[in-house]
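I opened a fresh notebook page for this chain and went through it one lookup at a time. Here are my entries, in the order I made them.

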Amino acid sequence: VGYYRQAKATTSFVAEESAGAFRALGASTAAAFRADIPAAEAELQTALQSFGAVNEVVNERYGALVSLIRILPVIGSEVESRQQLLLAGHHLALGNTYLIKGIRETKDNAAMPATERIELLRRHIQGAIPQYDEALLALERVRDEAIPSEYQQTFAEFRLLFAAFIDDMKDVADLAKVAQTIFGGEGRKRYLIVFQNNHELRPSGGFIGSFARLDVERGKIVSLDVPGGGAYDLKGQLTEFVKPPLPLQLVNERWEFQDANWWPDFSASAEKMMWFYEKARGQTVDGVIAVNASVLPRVLKVLGPVASAEFGTLLDYESALGAIQEKVETGYDREKNQPKEIIRKLFEEMLAALPAVGATDLLGLLTEAEAAARQKEIQIYVSDASVQDELRQFGWTGEIVPTNAAQDYLLIASANVQGQKSDAKIEEKIRHEASV
């Protein structure tokens, strides 16, 4: 009876200490993602101290009687739940130790090639994931009734969020492996980056006004070529004469690179771009990354106004697209006749500024990039089938989704032919009615 009463009395203490420990672990994780290693380690230490205090009460005070207490009709389940809570905390803390160590080593080895730093972080995340999985299993064995009522909702929310967090960590590990391949961890890679203007709609997102050829190796930019004349610079070099799709024959007898993105399925459009580039430049590429003009305001929203020597002013997320459009169409040097040179200079300025971006802003940029990829403002195609399969799982490849026999969906593809930038001023409303 005495042990029974003592075990009941510790419920509040265990819940208080465990809640504090889990809060500290949450703060530790957040600090780790901000690359604030001292704060992450301090919060982790706080959590371990709390779990240590709970461990002393639950295990050392009761000792061998814990197994006996477990069979008691009411208190047994509470003791079992508290032990699972403690076990979850230890696994979670161990997982965070891997995560913090990985981020610290990645941060401390700034001179290391980027692909090797990515692999370093991936290995530590891979070490953390089994610990997180064990923690989740233990949390699922905790009965809600064993948690004081004032903590039950918080505990249920934490368990749900923690499950999502583990899924995110597994995605990050998979993505890190893909990124290592894409960024030349296994040898030099060459990509076309095409800039699509969504003010002049085409099926894959917008008219190809400009492009860049990017060579990367071990995470470093080896070579970058952004033609000042934009996509039209390939016209005179194209060795093949191909008839364009029928609607384009209204304005052009010859199919060329700037009109290659004719299909809403991005993989089909990307393969055609690669074909045109090879026939014009005599070079093959490993993939295509399409970036819509709408991505620039997303970037500037995170970084704030960017000073541009070319514009002689600050470019912010509201004014940037309009200023660039005006410069490209009317403000360029007519003698040089390189209207897209401004895009090359701006692109180079932004790439040069990236190394100085802080951890918080970098996380913001990654969040915006992921959102843009989900909205097909960024689309990726690589010729490596295994990497393409991984990217497809994230929904970043812009492909038409296959359906089963009893499924369908609505897909609207627009092609602006000789309409110039009129889509910027057009509001389109679509009413879709499905009758079964």
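**Entry 1: terms, then helix H12.** Before anything else I fixed my cut-offs: I call a residue buried when its relative accessible area is under 20%, exposed when it is over 50%, and partly exposed in between. I also kept in mind that this is a predicted model.

With that settled, I looked up H12, which spans residues 385–393, and found Val387, Gln388 and Leu391 buried there. Why do they sit on the same side of H12? They cover an arc of only 100° around the axis, so they share one side of the helix. The general rule behind this is that an α-helix has 3.6 residues a turn, so residues three or four places apart point the same way. Turning to the face away from the buried side, I found the exposed residues Ala385 and Gln393. I then checked what the buried residues of H12 pack against, and the partners are helix H6 (149–182) and strand S7 (378–382). After H12 comes Gly395, with a positive phi near 80°.

**Entry 2: the segment after H12.** I stayed in this part of the chain and looked up Ile400, which is found in the segment after H12. Ile400 has a relative accessible area of 40%, so I list it as partly exposed. Together with Val401, Tyr409 and Leu411, Ile400 makes a nonpolar surface patch of about 350 Å².

Gln418 is also found in the segment after H12. Its phi is near 65°, a positive value in a residue other than glycine. Gln418 counts as exposed, at 55% relative accessibility.

I noted Lys376 as well, whose phi is positive and near 65° although the residue is not glycine. Lys376 lies in the loop between helix H11 (359–374) and S7, and I have it as partly exposed at 35% relative accessible area.

**Entry 3: whole chain.** I stepped back for some totals. The secondary structure comes to twelve helices and seven strands. Of the 436 residues, 43% count as buried. The accessible surface is about 22900 Å², and 53% of that belongs to carbon and sulfur atoms. For contacts with a separation of 6 or more, I noted that residues 24 or more positions apart account for 64%.

**Entry 4: the cores.** Which residues touch the most other members of the largest nonpolar core? In this core of 38 residues they are Phe22, Leu25, Tyr132 and Phe162. Helix H1 (2–33), helix H2 (37–60), helix H4 (75–108), helix H5 (114–140) and H6 each supply at least two residues of this core. I followed Phe22 further: leaving out residues up to four places away in sequence, Phe22 touches Phe51, Leu85, Ala88, Gly89, Leu92, Leu139 and Phe158. There is also a second, separate core of 23 residues, which includes Val194, Leu248, Ala270 and Val285.

**Entry 5: Ala40.** I picked Ala40 in helix H2 for a closer look. Is Ala40 buried or exposed? Ala40 is buried, with a relative accessible area of 0%. Its contacts beyond four places in sequence are Ser28, Ala31, Ala32 and Ile100. I also noted that the C-alpha atoms of Ala40 and Thr29 are separated by 6.6 Å, the two residues being eleven apart along the chain.

**Entry 6: salt bridges.** Side chains of opposite charge can pair when their charged atoms come close. My count here is 20 salt bridges.

I looked up Glu116 with Arg218, where the N to O distance is 2.3 Å. This pair links distant parts of the chain, 102 residues apart: Glu116 is in helix H5, and Arg218 is in the loop between strand S2 (207–217) and strand S3 (220–225). Glu116 is partly exposed at 34%, and Arg218 is partly exposed at 38%.

Next came Asp215 and Arg190, with the closest N and O atoms 2.7 Å apart. Asp215 is in strand S2 and Arg190 in strand S1 (residues 189–197), 25 residues apart. Asp215 is buried at 2% relative accessible area, whereas Arg190 is partly exposed at 21%. Asp215 also meets Arg213 in a salt bridge, at 3.5 Å from N to O, and Arg213 is buried, as is Asp215.

My last note is a network: salt bridges that share partners join Glu119, Arg122 and Arg123.

Notes:
Residues are numbered from 1 along each chain as its sequence is written. This is a predicted model: local features need pLDDT of at least 70, side-chain atom pairs count only at pLDDT 80 or more; totals for chains, interfaces and linings use all residues. Side-chain values use heavy atoms; hydrogens and water are left out. Buried means under 20% relative accessible area, exposed over 50%, partly exposed in between (1.4 Å probe, protein chains only). Helices (H or I, at least four residues) and strands (E, at least two) are DSSP runs, numbered from the N terminus. The arc is that of the directions from the helix axis to the C-beta atoms. Contact means heavy atoms within 4.5 Å. Patches are made of residues with over 30% relative accessible area and no salt bridge: like charges are joined within 9 Å, nonpolar side chains (Val, Leu, Ile, Met, Phe, Trp, Tyr) within 5 Å. Accessible areas come from the Shrake-Rupley method with a 1.4 Å probe; for residues, only the protein chains shown count as cover. A salt bridge is a side-chain nitrogen of Lys or Arg within 4 Å of a carboxyl oxygen of Asp or Glu. A nonpolar core is a set of buried Ala, Val, Leu, Ile, Met, Phe, Trp, Tyr and Cys residues joined through side-chain atoms within 4.5 Å.
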